Amino acid sequence: MSRAVLQPSQQKLAEKLTILNDRGVGMLTRIYNIKKACGDPKAKPSYLIDKNLESAVKFIVRKFPAVETRNNNQQLAQLQKEKSEILKNLALYYFTFVDVMEFKDHVCELLNTIDACQVFFDITVNFDLTRNYLDLVVTYTTLMILLSRIEERKAIIGLYNYAHEMTHGASDREYPRLGQMIVDYENPLKKMMEEFVPHGKSLSDALISLQMVYPRRNLSADQWRNAQLLSLISAPSTMLNPAQSDTMPCEYLSLDAMEKWIVFGFILCHAALNTDPAALSLWKLALQSSSCLCLFRDEVFHIHKAAEDLFVNLRGYNKRVNDIRECKESALSHAGSMHRERRKFLRSALKELATVLADQPGLLGPKALFVFMALSFARDEIIWLLRHADNIQKKSTDDFIDKHIAELIFYMEELRAHVRKYGPVMQRYYVQYLSGFDAVVLNELVQVSYCCLCRHSKEDGEVFDFRGMRLDWFRLQAYTSVSKASLGIADHRELGPAPLILPSGRAFEKMFQQCLELPSQSRYSICFPLLCTHFMSCTHELCPEERHHIGDRSLSLCNMFLDEMAKQARNLITDICTEQCTLSDQLLPKHCAKTISQAVNKKSKKQTGKKGEPEREKPGVESMRKNRLLVTNLDKLHTALSELCFSINYVPNMVVWEHTFTPREYLTSHLEIRFTKSIVGMTMYNQATQEIAKPSELLTSVRAYMTVLQSIENYVQIDITRVFNNVLLQQTQHLDSHGEPTITSLYTNWYLETLLRQVSNGHIAYFPAMKAFVNLPTENELTFNAEEYSDISEMRSLSELLGPYGMKFLSESLMWHISSQVAELKKLVVENMEVLTQMRTSFDKPDHMAALFKRLTSVDSVLKRMTIIGVILSFRSLAQEALRDVLSCHIPFLLSSVEDFKDHIPRETDMKVAMNVYELSSAAGLPCEIDPALVVALSSQKSGKYPEEEYKIACLLMVFVAVSLPTLASNVMSQYSPAIEGHCNNIHCLAKAINQIAAALFTIHKGSIEDRLKEFLALASSSLLKIGQETDKTTTRNRESVYLLLDMIVQESPFLTMDLLESCFPYVLLRNAYHAVYKQSVSASA
């Protein structure tokens, strides 16, 4: 049977080239992943690093590809145990190598078919056919080079085959050919140079057709600039004309791809270099442009060394070796600066293009060629920089470090966004162009009805898929390019022509860091996370397992980039806040003292200080500028912040591997964390020295901080109110969401453990006249001035900072301390219960009372503890009053409603309901007859087992306090001072303690508060009247001052009246007491 005649038109060259190129990329992906896995100790097949299999692996590699299983049982014995696992785990690796072999067979078959069909190749005529042909040659070459770089290939293939033979009794049927291929391609380029001898003419013809295209694409930046390349506005009159070229696809053909074609192509058909000057010219130009080529992702090929090693052993190639050395020197000397200038030009060109198209998107139709050229040029330059940055062979690296690369990538992203956004506009333009112009011309040339182009004009709004038409066009080129075609494309040249970056992680991250370090470039930093959205485009269906790796990498990089951008913005904002807090601090009242003293001295003409002492700068001087060129640190910070915020605000969100990232949320999150830390930090709390910032100063700093944060809304569309609510509300609680202490807990601890503790120790007194706690003159001076932390303005500032929630926590903490004091008082009552019971009924028997009083124990302790309770309650009343003042400014109408509600509770109202109203009122800072917080605190002590006993203890506590009051008269510190409206030992606070404790205790035990206070008044007045008859001056030295306590108790109480006091204690005694203490204070001051 005769062999069938080869029919060129039936060979489906277009389809085969398309499929094989796609499969080639898939095989490259698989081989690349195997190489990376073998290079990583964690991912490497365990059999290759197993010590037990080490001798067997070495034996297999040494004998490869021969198979000897019989005489080496000792070395291969370990394999027998592991054979099934080896077959299972190495199958994926082994059959990938088999797939490579099959791919090689298909490529060789297609190359032979192309030679047999005498296909005509010219990139300017049949672009798709020539490009796919050259791509296939380069993909095939790259694959074989990458395969030869897998050092463990022999071990993997040999191990699998030995395991297969042990299991099935014979080698795998593909093994002999596969083993031979591995051996043959030890030096892949040398083997392929022999292999491509028959294909030399086709390959050299295709490559030489680049002589018009490659030199034109490989021009210098100055030549581009002189030609006004990519400029839409250089010729305004032709702005609406379609951008056309005789070789349109060649205009945006990748320079990187062309250099691969030329370098690998002329290595394979090297004979053309000695015979064709055009080939030599192209070869030398490519060698001068780069030092290395990208094989696949981060795998590179060092051109000059490889070419020299191949040609040095070929006879008659001495000149070519010299050419290679000259080109290497030229590439190292000039290529870096040439590409740097190109990137510089492209930055301005792409900026202009993006700006014009953003304003006039309709130009995307006629000027689409400009967009694709710009993207292609920029991509080539970025890829060139990325592959050379990690593989520099030159001492000077300045040309390979580009701090402005982010700007170029940013404009690429902007152009790409325009194309995606206005894709339908461009499609509609070109569908009409095809049907109205190209179809008519094609019909005249081919004499075939090509009305399908006309039919493809779809309705507006529908998306047209051009892929089918592109394949038809490719087929047409293939049919017309073979020999003896009815229509030869070589005779009808007018039928000719119709980005992705996956950089290595280190270079990518380094570029990002350089971008953030340069304030002028930080506005373009968003391009790095945007690039992460494209990473999944690198995956291939033949290698699905790397989808997760690349996906995870894209997510982690995107997260890292956005996090770093937000951190940088947060740091800038923090620096601005620090500056503003410093400026606000200068306006604090404490800083005006020096200015006032200078003014007073000036008036009195006193000369103070040294003559050379510089005059202190007044706040606001920083705003006075002598000229516009003067730039302050604050100006620099604001400029840097506005640049970075432009980047953060550039896109509302981005999708990376089905995950949505929102850049603004990163900033919001970081601002919340930093604001929280800053507020706590600004309290300047020192646990060792118990120092803390004044509430008013902290409030000033917080307001300055908030003013800066509010201004961020001018830069980025974030809800800063949400940040304030989240942070400031957390600061009103004991701990924040991270379990860290807040300003509420810090100030509560400080006031309780530092200020009020010093009051108990007698170093500080509460001055009712000043409504503040004041330091008393003592031997050991305190480290702080109590008045500066407890006066009205400071307490209002504290209320502003802590808010109602924080002040409630402060109150609860105060009440807990009172509760512990009451518990101790009850113990003292139990110790003296029998005596107190008798005294309760014997107040009208002075002699008997005196005898019983002598039997009482711990009298001073009772009074001291009650005084402490009074001090705490006085502090709480200051805090409540400050809270009421603050709320009256913030919520006046709501506060007046609460006040009205409290003032009009009917007397017959159930106590539970009344307590609810009191609780509401207390939370708003309003004073109540019965303190709900105190009731809650003391209720915890109520056991409920013996209610009558507990009620009796409460009654006797009031008796104990009443009969103990006269002992205060003997204390030197009990003297009443009219100036402060109180006593220096704080016994005036007893009035508040007695009333509040009585009200709380008898509310809990459901007794009559009024009756119990009447009983207290009767006991107290009779006890105090008794000391009026005493003659001992020591025991009665401050008798009049103690008398005034009765008046204070009645004045403080909502349950007692002056009439009642008059019935127990003559008012004339009170009047005389007031006269006496005032007279005493005048004589003391004199």
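In which helix is V600 found? The legends below come to that residue in the first close-up, and they all describe a predicted model.

**Figure 1. V600 sits in helix α25.**
The helix that holds V600 is α25, made up of residues 592-603. With a relative accessible area of 48%, V600 is partly exposed, because the exposed class begins only over 50%. If you pick Q1080 as a second point, you will have moved 480 residues along the sequence from V600, and the two C-alpha atoms are 36 Å apart in space.

**Figure 2. The whole chain, for orientation.**
Before zooming in further, here is the setting. The protein chain contains 44 helices and eight strands. Its C-alpha trace spans about 150 × 85 × 65 Å along the principal axes. The radius of gyration is 47 Å, whereas a compact globule of 1086 residues would have one near 31 Å. Buried residues account for 51% of the 1086 residues in the chain. About 52200 Å² of surface is exposed, and carbon and sulfur atoms supply 52% of that area.

**Figure 3. Two stretches with pLDDT below 50.**
Across the protein chain the average pLDDT is 87, and 92% of the residues score at least 70. Residues 448-461 fall below 50, and this stretch has 20 contacts in the model beyond near neighbours in sequence. Residues 485-502 are also below 50, with 51 contacts beyond near neighbours in sequence. Please keep those pLDDT values in mind when viewing residues 448-461 and residues 485-502.

**Figure 4. Helices α28 and α29 in contact.**
Helix α28 covers residues 695-711, and its axis comes within 9 Å of the axis of α29, crossing at roughly 145°. From α28, the residues M706, L709 and Q710 meet I720, F724 and L728 of α29. Sorted by type, the residues of this contact are five nonpolar, one polar and no charged.

**Figure 5. H738, in the loop after α29.**
Continue along the chain from α29 (720-730) and you reach the loop that leads to α30 (743-760), where H738 has its place. Is H738 buried or exposed? Its relative accessibility is 58%, so H738 counts as exposed, the cut-off being over 50%. The C-alpha atoms of H738 and I673 lie 9.7 Å apart, although 65 residues separate the two in sequence.

**Figure 6. D398, in the loop between α17 and α18.**
Here the view centres on D398, placed between α17 (368-389) and α18 (405-421). D398 is exposed, with a relative accessible area of 57%. Its C-alpha atom is separated by 9.0 Å from that of S337, a residue 61 places away along the chain.

**Figure 7. R884 in helix α35 and its contacts.**
R884 belongs to helix α35, which covers residues 859-890. This arginine is partly exposed, with a relative accessible area of 23%. Which residues is R884 in contact with, leaving aside its neighbours within four places in sequence? They are L895, A924, G925, L926 and P927. For a distance check, the C-alpha atoms of R884 and L965 are separated by 33 Å, with these positions 81 residues apart along the chain.

**Figure 8. Backbone geometry at P65, K771 and N986.**
Most peptide bonds are trans, and most residues other than glycine have a negative phi. Three places in this model are worth a look with that in mind.

- A cis peptide bond joins F64 and P65, with omega at about 5°. P65 is in the loop between α2 (54-63) and α3 (73-116).
- K771 has a positive phi, near 50°. The loop that holds K771 runs between β5 (764-767) and β6 (772-775), and the residue is partly exposed, with a relative accessible area of 30%.
- N986 has a positive phi too, near 65°. N986 lies in the loop between β8 (982-983) and α40 (990-1004). At 3% relative accessibility this asparagine counts as buried, because the limit for that class is under 20%.

Definitions and conventions
Residues numbered from 1 in each chain as written. Predicted model: local features only at pLDDT ≥ 70, side-chain atom pairs only at ≥ 80, totals over all residues. Heavy atoms only, no water. Helix = DSSP H or I, 4+ residues; strand = E, 2+ residues; numbered from the N terminus. Buried < 20%, exposed > 50% of the residue type's maximum accessible area, 1.4 Å probe, protein only. Axes fitted to C-alpha atoms, helices over the stretch in contact; angles between N-to-C directions. Contact = heavy atoms within 4.5 Å. Nonpolar A, V, L, I, M, F, W, Y, C, P; charged D, E, K, R; others polar. Rg over C-alpha atoms; globule rule 2.2 N^0.38 Å. Areas by Shrake-Rupley, 256 points an atom, 1.4 Å probe, with all protein chains shown as cover. pLDDT = per-residue confidence, 0-100.
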